[in-house]
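Please read this briefing alongside the sequence and the 3D view. The points are grouped by topic.

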Amino acid sequence: MGDMRALRNIVVLTGAGVSAESGIDTFRSAGGLWEQHRVEDVATPEGFARDPDLVLRFYDMRRAAIQTRQPNAAHLALARLEAEWPGELLLVTQNVDDLHERAGSRRLIHMHGEHLNAWCSACDARHGWTGPLIDRPPCPACGVPALRPDVVWFGEMPYRMDEIYAAIARADLFVSIGTSGAVYPAAGFVHTAREAGARCLELNLERSQGSGWFHESRLGPASELVPAWVEELLR
Ligand code: BV8
């Protein structure tokens, strides 16, 4: 990877693989089999309109599950990097769990939303939410029982894309961790980073759909690769 010390601005993208060792299912493992529905069918506005109870139960189950899990060494290493790196660091996650926050990361964008938020379809307010939504609780702001998971479904626009693209345009290093590179626009960030002249590094358990676009791809579990890479940067 050459001399890392010349780097100033880093953008890190994480996916489900960074939370796998915390016991949170990745999409590849859970994606096709959940109650005989593909995630693409359940995680869509159409799926929600078709069968809101099915979708609300899907998210209630996952919202409860993440609250029983803990950050792993990869989350902690990324929080250490944010604390100790002298240049800019932006962590963009596709994950909707809160393990990066609980590990200590602050400069963080949840481009696909968060399990621990509820979004009111009636008044557009968002609220921190840890319980179920299946029993249609009233929105704390407007009282209408119109709360949905505050996650970005397929066909919906991911959050804070302008900030993400602005950070990638300034990046000297783009690092993708634990993602299959199957879902856009996140899967396209490496192309944008390369066009901006950034070095591109992939840390993943196996080769991903985007591996060929990275200058370097290291294969292995995130709990080993990420702390080693952070150590290399901060040395
Ligand atoms: C949009 C939130 C437009 C919900 C998620 C055809 C071509 C190109 C694009 C499209 C197309 N048809 C449709 C599209 C667009 C679509 C898309 O990309 N579809 C795919 C299926 C082709 N994208 C969208 O719809 C996006 N929106 O395009 O909007 C628009 C424009 C204008 C106006 C309005 C709209 C929105 C996509 C967001 C969907 N929401 N999540 C929820 O979580 O329930 S997606 C979800 O799956 C994740 O957030 C993530 O983004 C995605 C993939 O998951 P990964 O994180 O990569 O996880 P995965 O399981 O796939 O892989 C895990 C990886 O980790 C593996 O590689 C594995 O090897 C590795 N791993 C495992 N263990 C470890 C490990 N690595 C390290 N250590 C380990 N221990």
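R136 has a relative accessibility of 32%, so it counts as partly exposed, the range for that class lying between the buried limit of under 20% and the exposed limit of over 50%. R136 sits in the loop between strand 5 (126-128) and strand 6 (147-151). The model is a predicted one.

**Backbone features in loops**

- The phi angle of R136 is positive, about 50°, although R136 is not a glycine.
- R160 is another non-glycine residue with a positive phi, in this case about 55°.
- The loop that holds R160 runs between strand 6 and helix 7 (161-170).
- With a relative accessibility of 42%, R160 counts as partly exposed.
- A cis peptide bond, with omega near 0°, joins Y184 to P185.
- P185 belongs to the loop between strand 7 and helix 8 (189-195).

**Ligand surroundings**

- The ligand is surrounded by 32 residues, and the closest are Y59, Q94, G155, T179 and S180.
- By class, the residues of this shell divide into 16 nonpolar, 11 polar and 5 charged.
- R62 places a polar side-chain atom 2.7 Å from an oxygen atom of the ligand.
- T179 also has a polar side-chain atom 2.7 Å from an oxygen atom of the ligand.
- At V152 the contact is through the backbone: an N or O atom there lies 2.7 Å from a nitrogen atom of the ligand.
- The ligand taken alone exposes 1,500 Å², and the protein buries 75% of that area.
- Two elements, helix 1 (27-30) and helix 4 (52-66), give two or more residues to the shell around the ligand.

**Helix 4**

- Helix 4 is made up of 15 residues and reaches 21 Å from its first C-alpha to its last, close to the 21 Å expected at 1.5 Å a residue.
- Its buried residues are L54, V55, L56, F58, Y59, D60, R62, R63 and I66.
- Y59 appears in that buried set and is also among the residues closest to the ligand.
- R62 is likewise buried, and its side chain supplies one of the polar atoms at 2.7 Å from a ligand oxygen.

**Helix 9**

- Helix 9 covers residues 222-234; at 1.5 Å a residue its 13 residues should span 18 Å, and its end C-alpha atoms are 18 Å apart, which agrees.
- The buried residues of helix 9 are A222, L225, V226, W229, V230 and L233.
- Viewed down the helix axis, these buried residues fall within an arc of 125°, so they line one face of helix 9.
- In general, an α-helix has 3.6 residues a turn, so residues three or four places apart point the same way.

**Positions separated along the chain**

- L173 is in strand 7 (residues 173-177).
- L173 has a relative accessible area of 0% and is therefore buried.
- Although L173 and V11 are 162 residues apart along the chain, their C-alpha atoms are separated by 6.4 Å.
- R136 and V226 are 90 residues apart in sequence, and 40 Å lies between their C-alpha atoms.
- V226 is one of the buried residues of helix 9, while R136 is partly exposed.

Methods: Residues are numbered from 1 along each chain as its sequence is written. This is a predicted model: local features need pLDDT of at least 70, side-chain atom pairs count only at pLDDT 80 or more; totals for chains, interfaces and linings use all residues. Side-chain values use heavy atoms; hydrogens and water are left out. A residue is near a molecule or strand if one of its heavy atoms lies within 4 Å of it. A polar contact is a pair of N or O atoms within 3.5 Å; within protein, one must be able to donate a hydrogen and the other to accept it, and residues adjacent in sequence count only if both atoms are side-chain atoms. Accessible areas come from the Shrake-Rupley method with a 1.4 Å probe; for residues, only the protein chains shown count as cover. Helices (H or I, at least four residues) and strands (E, at least two) are DSSP runs, numbered from the N terminus. Ala, Val, Leu, Ile, Met, Phe, Trp, Tyr, Cys and Pro count as nonpolar, Asp, Glu, Lys and Arg as charged, and the others, Gly among them, as polar. The expected span of a helix is 1.5 Å times one less than its number of residues. Buried means under 20% relative accessible area, exposed over 50%, partly exposed in between (1.4 Å probe, protein chains only). The arc is that of the directions from the helix axis to the C-beta atoms.
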